[in-house]
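Let's take a walk through a protein model together. Have the sequence and the 3D view open, and look up each residue as we get to it.

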Amino acid sequence: MKKKKDYFTTGEFAKLCNVKKQTLFHYDAIGIFKPEIVDKNGYRYYSYTQLETFSVLTMFKDLRVPLKEVKAHMDHRSPEALISLLEDKRKEVDHLQERLENAKKYINAKIELTREGMNASLGEVCLTSAPGQYFIETGYSDSGDEKETAAAVSKHFNYCRSLGLQSACSIGGIIPKSSVREDSHRYSGFYTIVDPARLKSTGFTGAVFRRGGSCLCIYDDHGYDNVTALCNLLLDYGKTNGLQLEDFFYEDVILDDLSVDGYSSYMIKLSVMLQENDETVKRKTSACGNLREPRLSHL
């Protein structure tokens with residue numbers, strides 16, 4: 001037998017590997033990882049050459065590979081079997097990495113959206129610049145039935161999920177300007193904003209691009225109760241200031257159940273793009289201080 005000083009005791013090896021001695025005992029008992037030497041007194045000794053092997057086993061544990069699968073490999077180990085096992089795990093790691101990257105993007109987007117809500121001025125019409133965005137849109141013929149609307153939103157959600165294109169942004173509603181009355185409005189569809197990089201990775205080509213530019217928007221924290229009033233406020237604002245509004249309002253949930261208590265406390269953002277092909281409109285939108293704001297006291 002080689003000199004024991006060239007080997008590590010169970011305690012020493014466990015310390016090097018940052019595990020408990022009981023883990024080494026368990027791995028030995030089930031036949032996954034055995035000491036290189038067991039002397040006549042039953043003492044176990046591990047070699048430095050086993051450190052890498054144990055680190056791979058630790059990696060498998062971190063990847064939640066079942067011990068049963070690890071044991072099956074160790075019982076029938078071979079170079080070919082190792083390559084097959086590692087290739088399978090590489091695919092799993094690639095998939096996990098993609099999921100983690102998507103989760104990170106979701107977290108970053110949700111933080112940004114929540115901060116937008118925290119900094120919003122409620123009930124105040126804002127003239128701002130909106131970025132160009134890609135979104136998935138599904139059409140809807142609004143009959144005014146809330147159950148049908150809920151079913152249409154669910155259908156849209158499942159469609160986006162089937163494409164692998166869920167977003168940190170809540171599902172938005174599209175409201176035709178022509179549908180807005182004094183006491184009602186109708187939806188013509190629903191949409192989900194998506195990351196262009198995600199679109200590219202999925203290969204989906206049916207996304208709609210909404211151009212960027214100047215828009216009017218307003219925030220309210222009474223859920224969907226005041227959406228009709230918000231539409232009319234933006235219409236009044238445009239008329240008062242001689243601004244030509246495009247044909248659709250976009251309704252977005254900025255703060256939802258994750259940050260406010262209950263459906264009736266959701267923060268809604270309603271926005272509408274300006275028709276910027278008119279030079280007169282461009283001049284007016286560049287002179288924000290000269291625009292006149294209608295009264296918002298009824299919200």
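Start at L274, which counts as buried because its relative accessibility is 0%, under the 20% cut-off for that word. You'll find L274 in strand β11, which covers residues 267–274. Now look for D247: it is 27 residues away from L274 along the chain, yet the two C-alpha atoms are separated by 9.3 Å.

Before going further, remember that this is a predicted model. How high is the mean pLDDT of the protein? The mean is 87, and 90% of the residues reach 70 or more. One stretch to treat with care is residues 283–290, where pLDDT stays under 50. For that stretch the model has 10 contacts beyond four places in sequence. Where pLDDT is low, the predicted coordinates shouldn't be read in detail.

**The eight-stranded sheet**

Back to β11, which belongs to an open sheet of eight strands. Read across, the order is β4-β9-β11-β10-β6-β7-β5-β8, and the pairing is antiparallel. Which strands stand at the edges? They are β4 (126–130) and β8; each has a single partner strand, so one side of each is left without a neighbour in the sheet. From one strand to the next, the twist averages 35 degrees.

Here are some of the pairings inside this sheet, each of them antiparallel:

| Strand | Partner strand | Bridges |
|---|---|---|
| β5 (residues 133–139) | β8 (residues 208–210) | three |
| β5 | β7 | six |
| β6 (residues 172–176) | β10 | four |

You can pick out individual partners too. Q133 has R210 in β8 as its bridge partner, while T138 is matched with F190 in β7. Over in β10, F249 stands opposite I175.

There's also a helix to spot here. Helix α5 (residues 79–118) lies across β9, β10 and β11, and it runs at about 100 degrees to β10.

**A closer look at T192**

Stay with β7 for a moment, since T192 sits in this strand (residues 189–194). Is T192 buried or exposed? T192 is buried, because its relative accessible area is 4%, under the 20% limit. Its side chain makes a polar contact with the side chain of H156, at 2.7 Å. H156 is also one of the residues T192 touches once you skip those up to four places away in sequence; the others include Y134, F135, I136 and C160.

**The nonpolar cores**

The largest nonpolar core has 33 residues. Those with the most contacts inside it are I175, L216, I218, C231, L234, F249 and L270, so I175 and F249, the pair that stand opposite each other, both turn up again here. Which elements give two or more residues to this core? They are β9 (213–220), α8 (227–240), β10 (245–255) and β11. The largest share, six residues, comes from α8.

To see how one core residue is surrounded, click on L216. Leaving out residues up to four places away in sequence, L216 touches a list of residues that includes V125, L127, L234, L245, L270 and our starting point, L274. There is also a second, separate core of 15 residues, with F13, A14, I32 and F60 among them.

**The three-stranded sheet**

Another open sheet has three strands in the order β1-β3-β2, with antiparallel pairing. At its edges are β1 (8–9) and β2 (37–38); each has a single partner strand, so one side of each is left without a neighbour in the sheet. Two bridges link β1 with β3 (residues 44–46), and F8 stands opposite Y46 in β3.

**Two loop residues with positive phi**

Most residues other than glycine have a negative phi. N18, however, has a phi near 60 degrees, a positive value, and R64 also has a positive phi near 60 degrees. Where are they? N18 is in the loop between α1 (10–17) and α2 (21–29), and R64 is in the loop between α3 (50–62) and α4 (67–75). N18 is exposed, because its relative accessible area is 72%, and R64 is exposed too, at 77%; the cut-off for that word is over 50%.

Key
Residues numbered from 1 in each chain as written. Predicted model: local features only at pLDDT ≥ 70, side-chain atom pairs only at ≥ 80, totals over all residues. Heavy atoms only, no water. Buried < 20%, exposed > 50% of the residue type's maximum accessible area, 1.4 Å probe, protein only. pLDDT = per-residue confidence, 0-100. Contact = heavy atoms within 4.5 Å. Pairing = 2+ DSSP bridges. Polar contact = N/O pair within 3.5 Å; in protein donor to acceptor, adjacent residues only side chain to side chain. Core = buried A, V, L, I, M, F, W, Y, C linked by side-chain atoms within 4.5 Å. Axes fitted to C-alpha atoms, helices over the stretch in contact; angles between N-to-C directions.
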